[in-house]
Amino acid sequence: MAIDPSASIWYEQLGDLYLRTSDDRGEVAKVYLEAIQRNPSVRLLHQINSLTRTEQKMPDRALVAMAQSEVSKMHPVAKSIEAKALANLGNRRKALQAMQQSWDGYSKAIDRGWIPPMGITDWFIDLHELFKTNAEEGERFVMGLTSNKLNPSQSYGLANYYKASGIEHIEKVVELIDEAVEFAGIDSQTKLNLLNMKGGSLVEAGLYEESRVVFKQLLDEQNSALVRNNYAYVCLLYTSDAA
């Protein structure tokens, strides 16, 4: 870094080292911010965004400054970073405004084909950081942005949001997925993603018989090695049906 201070790679490697040896996310964020200042990239934006999903102390003012710079034009995830940092600084009103701007950016990018529809899942995971103590309030925020109408990818994202809020929300996760798979015109890959999530969530909740039914449905939809493995796993380990 002293010999070649303009290169971002050394800051990235130092951040990687901190992450491996101490998990001090605040220090990692500081050096990643130095890296992105020297060589802005969407990859680094996503790395910084993942770091900020934490209860650890972060360099929030520096994160806000970065997210409000030209870097914000690279990807809507920058506004999600800004929202979390503003919330940490106690400015919830501006945090929610930034989260809405992030939503608008994701929606525009998805409509134009720059981001796949399932990319909206990242936005929902970040939203969870703002509503950890009140999942229902976060859902109301979402429904206000969507005029109470979710497409399958958004339902998948909201299901992930509720899943992150705790296993006690398993019924809500299942309800969202069941509604989404019945959506007219849903594509096969999104449907498979939804059913996989449903089956996995039911396993995590200890609802093994219900998960077996889901994985059997998946097996009928797509006879892949992964689906067969999941189905066999549930049947052989958790139920009396080893068929």
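Okay, let's start with a term: a salt bridge here is a side-chain nitrogen of Lys or Arg within 4 Å of a carboxyl oxygen of Asp or Glu. Keep that in mind, and keep in mind too that what you're looking at is a predicted model.

So, a case of that. R38 makes a salt bridge with E34, and the closest N and O atoms are 2.7 Å apart. Where do these two sit? Both belong to helix 2, residues 25-38, and being four residues apart there, they are separated by about one helical turn. As a general point, an α-helix has 3.6 residues a turn, so residues three or four places apart point the same way. Are they buried or exposed? Neither, quite: R38 is partly exposed, at 30% relative accessible area, and E34 is partly exposed as well, at 31%.

How many salt bridges are there by this rule? The count comes to 17. I'll pick out a few. K132 forms one with E129, with the closest N and O atoms 3.1 Å apart, and K132 counts as partly exposed at 33% relative accessibility. Then there's E139 with K172, where the N to O distance is 3.1 Å. That pair links distant parts of the chain: E139 is in helix 8, residues 135-146, K172 is in helix 10, residues 170-181, and they are 33 residues apart. E139 counts as buried, at 16% relative accessibility. And some salt bridges share partners, which joins R53, K84, D122 and D126 into one network.

While we're on charged side chains, have a look at K79. You'll find K79 in helix 5, which covers residues 77-88. Its side chain and that of E82 are joined by a polar contact of 2.8 Å. What else does K79 touch? If we don't count residues up to four places away in sequence, K79 touches A67, A98, Q101 and S102.

Right, on to the rings. The structure holds six aromatic pairs. One of them is W103 with F124, an edge-to-face pair with 6.0 Å centre to centre and 85° between the planes. W103 is in helix 6, residues 92-111, and F124 is in helix 7, residues 121-130, so this pair ties together parts that are 21 residues apart in sequence. Both rings belong to buried residues: W103 has a relative accessible area of 5%, and F124 has 0%. F124 also pairs with its neighbour W123, again edge-to-face, at 5.1 Å centre to centre and 85° between the planes. W123 is buried too, with a relative accessible area of 0%.

If you follow the ring pairs along, they link W103, W123, F124, F131 and F141 into a cluster. F131 has a charged partner as well: R92 lies over the face of that ring, 4.8 Å from the ring centre.

Now my favourite bit to walk through, helix 9. This helix runs over residues 152-164, and at 1.5 Å a residue its 13 residues should span 18 Å; the end C-alpha atoms are 18 Å apart, which agrees. How much of helix 9 is buried? Eleven of its 13 residues are, so the helix is largely enclosed by the rest of the structure. Among those buried residues are P152, Y156, L158, Y161 and Y162. And what do the buried residues of helix 9 pack against? That would be helix 6, helix 7, helix 8, helix 10 and helix 11, the last of these being residues 188-204.

Take a look at the ends of helix 9 as well. N151 caps the N-terminal end, with a side-chain oxygen 3.1 Å from the backbone nitrogen of S153. Just after the helix, G166 takes a positive phi of about 130°.

Last stop, W10. This tryptophan lies in helix 1, residues 9-21. At 38% relative accessibility, W10 counts as partly exposed, whereas the W103 we met earlier is buried. Leaving aside neighbours within four places in sequence, W10 is in contact with M1 and D4. To place W10 against another part of the chain, take P59: the two are 49 residues apart in sequence and 20 Å apart in space, C-alpha to C-alpha.

That's the tour, thanks everyone.

Conventions
Residues are numbered from 1 along each chain as its sequence is written. This is a predicted model: local features need pLDDT of at least 70, side-chain atom pairs count only at pLDDT 80 or more; totals for chains, interfaces and linings use all residues. Side-chain values use heavy atoms; hydrogens and water are left out. Helices (H or I, at least four residues) and strands (E, at least two) are DSSP runs, numbered from the N terminus. A polar contact is a pair of N or O atoms within 3.5 Å; within protein, one must be able to donate a hydrogen and the other to accept it, and residues adjacent in sequence count only if both atoms are side-chain atoms. Contact means heavy atoms within 4.5 Å. Rings of Phe, Tyr and Trp (its six-membered ring) pair if their centres lie within 6.5 Å; planes under 30 degrees apart count as stacked, over 60 as edge-to-face and the rest as tilted. Buried means under 20% relative accessible area, exposed over 50%, partly exposed in between (1.4 Å probe, protein chains only). A charge sits over a ring if NZ of Lys or CZ of Arg is within 6 Å of the ring centre and within 35 degrees of the ring normal. The expected span of a helix is 1.5 Å times one less than its number of residues.
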